[in-house]
Amino acid sequence: MVAKIASGKSIRGILHYNEDKVELGEATLILASGFAGDIEKMNLVQKLKRFEHLTMLNAAVKTNALHISLNFDASDKLDSQKLQQIAADYMERIGFGDQPFLVYRHYDANHPHIHIATTNIQRNGERIDIHGIGYKLSEPARKELEKKYGLLKAEGREMQQGKGIRSVIYGTKPTKQAISNIVTGVMRQYRYATFAEYKTILEHFNIKADRGAAHTQMFDKRGLIYSIMDDNGKSIGIPVKASQIYCKPTMDELDKQYKRNIEKRKHFKASLKNEIDKLFFKYGNFSKELLTKELVKSNISITFRTSDQGLLYGVTFIDHQNKTVFNGSDLGKAYSAKALSVRFEKAELNPQKLETTKQVFQPEQDNPSKSYLKVPEPTNFLGIALAKAQSESGIAIPKKRKKRKKGEKIEQNQQLTL
């Protein structure tokens, strides 16, 4: 189980987000604690007033809303009744058991997860301190609930949350809701380190993030708007300001995300390089189309950035399995736009892949068409050469002297012995 707590300054935004999901059929309200009357007959305004009644008791507290999500692994088989028990148990353990809260079960991903909306202002107007609530209370509660309900432990591994974000098509949903759902999902799930990387992910889901042209008033004031894209990549419909979206995906908030994501994505760099290396080894050189097609099989998207002249100057890899984004140059020189361009050009020059295998030569004895040189007969060439060398050098082996007999003259012509 993974627990995420986000504090905010408006309970209205939290309720709108979850109620919109209910209206779209992507969520249901499964628990309402601290609400008198029939919750099923209450509309958004009535639910909102229940929380605002408490927040107005201490108007000096600006951060007075909490949005909690409890995410479970896809292998955890949990029905709504079990999720109700877990939610109530969790809220009790973190000190919010007596607070009013609403629990929504969402169906926009293939893993079970619930969202909880509540406030930290109590009936007496006092504020519940939420500083450090994550590691002080939520983490111990998470571990205890995993044991109690037999949930898959989140510690030491990534939860298998699957592919919860789907590309939007203009007109199928209200524009603001469609944009908000995708932007919120990307900000919470993906790890990116620059605005260009963040923008690339959104474009994959047909959402355009626009800062305006350089040196314009919007650009200089760090403004940001979002819109749905058509089939040609152009904005369609009414754009939505970043400040109007629940998760507040403004430039300032994105800057905070970049710093956190740099460390978070490091652990997944090697696995992404490994998948690309497999294609380097398999094909050597390849076309853009082939590289894109093969990476999709590993749940990896690739985006090419080209100039007006058609020159490739940038490439971005999106690993949807590990929810990480890297520019090619961040992975290394071999994965940069320049290095890939070389492979693309070589593939165009040699469209057919040549596969070579090492062969060991083995003569076929039974094949009469093959002929081989006759093995030469021995000639004792070495012995002849040595004998010749000895005679030419004048070196002789001394003979054994005979014993002289009396009266015999000594021969004076004995050979000299060296």
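This report describes the helix packing, selected residue environments and backbone features of a predicted model.

## Overall composition

The chain has 418 residues, of which 39% count as buried. Its secondary structure consists of 13 helices and 11 strands.

The accessible surface comes to about 26,700 Å², and carbon and sulfur atoms account for 51% of that area. Among contacts between residues at least 6 apart in sequence, 65% join residues at least 24 apart.

## Helices 3 and 4

Helix 3 (residues 80–93) and helix 4 (residues 133–149) have axes that come within 9 Å and cross at roughly 145°. The crossing of helix 3 over helix 4 is right-handed. On the side of helix 3, the contact is made by Lys 82, Gln 85, Ile 86, Asp 89, Tyr 90 and Arg 93. Helix 4 contributes Leu 137, Ser 138, Ala 141, Glu 144, Leu 145, Lys 148 and Tyr 149. Sorted by class, the residues of this contact are six nonpolar, two polar and five charged.

## Helices 5 and 6

The axes of helix 5 and helix 6 come within 10 Å, with a crossing angle of roughly 130°. Angles from 35 to 65 degrees or from 115 to 145 degrees fall in the oblique class, and helix 5 and helix 6 are therefore oblique to each other. Helix 5 passes helix 6 in a right-handed crossing. Ile 182, Val 183, Val 186 and Met 187 of helix 5 meet Tyr 198, Ile 201 and Leu 202 of helix 6. This contact comprises seven nonpolar residues, with no polar and no charged ones.

Helix 6 spans residues 195–204, and its buried residues are Phe 195, Glu 197, Tyr 198, Thr 200, Ile 201 and Leu 202. Tyr 198, Ile 201 and Leu 202 thus appear both among the buried residues of helix 6 and in the contact with helix 5. An α-helix has 3.6 residues a turn, so residues three or four places apart point the same way. Helix 6 is followed by Asn 206, which has a positive phi near 70°.

Ser 180 also belongs to helix 5, which covers residues 175–189. Its relative accessible area is 11%, so Ser 180 is classed as buried. Beyond residues up to four places away in sequence, Ser 180 touches Ile 245 and Tyr 246.

## Helices 9 and 10

Helix 9 (residues 269–283) packs with helix 10 (residues 288–296) at an angle of about 130°, and their axes are 11 Å apart. That angle makes helix 9 oblique to helix 10. Helix 9 passes helix 10 in a right-handed crossing.

In this pair, Ile 276, Leu 279, Lys 282 and Tyr 283 of helix 9 meet Leu 290, Leu 291, Glu 294 and Leu 295 of helix 10. The contact of helix 9 with helix 10 holds six nonpolar, no polar and two charged residues.

## The environment of Leu 102

Leu 102 is located in strand 4 (residues 101–106). Leu 102 counts as buried because its relative accessibility is 0%. Leaving aside neighbours within four places in sequence, Leu 102 is in contact with Leu 15, Leu 29, Leu 31, Ala 32, Phe 35, Ile 39, Lys 47, Phe 51, His 115, Ile 116 and Ala 117. One of these partners, Leu 29, is 73 residues from Leu 102 along the chain, with a C-alpha separation of 7.3 Å.

## Loop residues and positive phi values

Most residues other than glycine have a negative phi. His 215 has a positive phi near 70° and is not a glycine. The loop holding His 215 runs between strand 6 (207–210) and helix 7 (217–220). With a relative accessible area of 72%, His 215 is exposed. Lys 323, also not a glycine, has a positive phi of about 55°. Lys 323 sits in the loop between strand 10 (312–319) and strand 11 (324–327), and at 13% relative accessibility Lys 323 counts as buried.

Asp 230 is placed in the loop between strand 7 (225–229) and strand 8 (235–241). At 25% relative accessibility, Asp 230 counts as partly exposed. Asp 230 and Ile 207 are 23 residues apart in sequence, and their C-alpha atoms are 9.2 Å apart in space.

Definitions and conventions. Residues are numbered from 1 along each chain as its sequence is written. This is a predicted model: local features need pLDDT of at least 70, side-chain atom pairs count only at pLDDT 80 or more; totals for chains, interfaces and linings use all residues. Side-chain values use heavy atoms; hydrogens and water are left out. Axes are lines fitted to C-alpha atoms, for helices over the stretch in contact, and angles run from 0 to 180 degrees between N-to-C directions. Helices (H or I, at least four residues) and strands (E, at least two) are DSSP runs, numbered from the N terminus. A crossing is left-handed if the near helix is turned anticlockwise from the far one by less than a right angle, and right-handed if clockwise. Contact means heavy atoms within 4.5 Å. Ala, Val, Leu, Ile, Met, Phe, Trp, Tyr, Cys and Pro count as nonpolar, Asp, Glu, Lys and Arg as charged, and the others, Gly among them, as polar. Buried means under 20% relative accessible area, exposed over 50%, partly exposed in between (1.4 Å probe, protein chains only). Accessible areas come from the Shrake-Rupley method with a 1.4 Å probe; for residues, only the protein chains shown count as cover.
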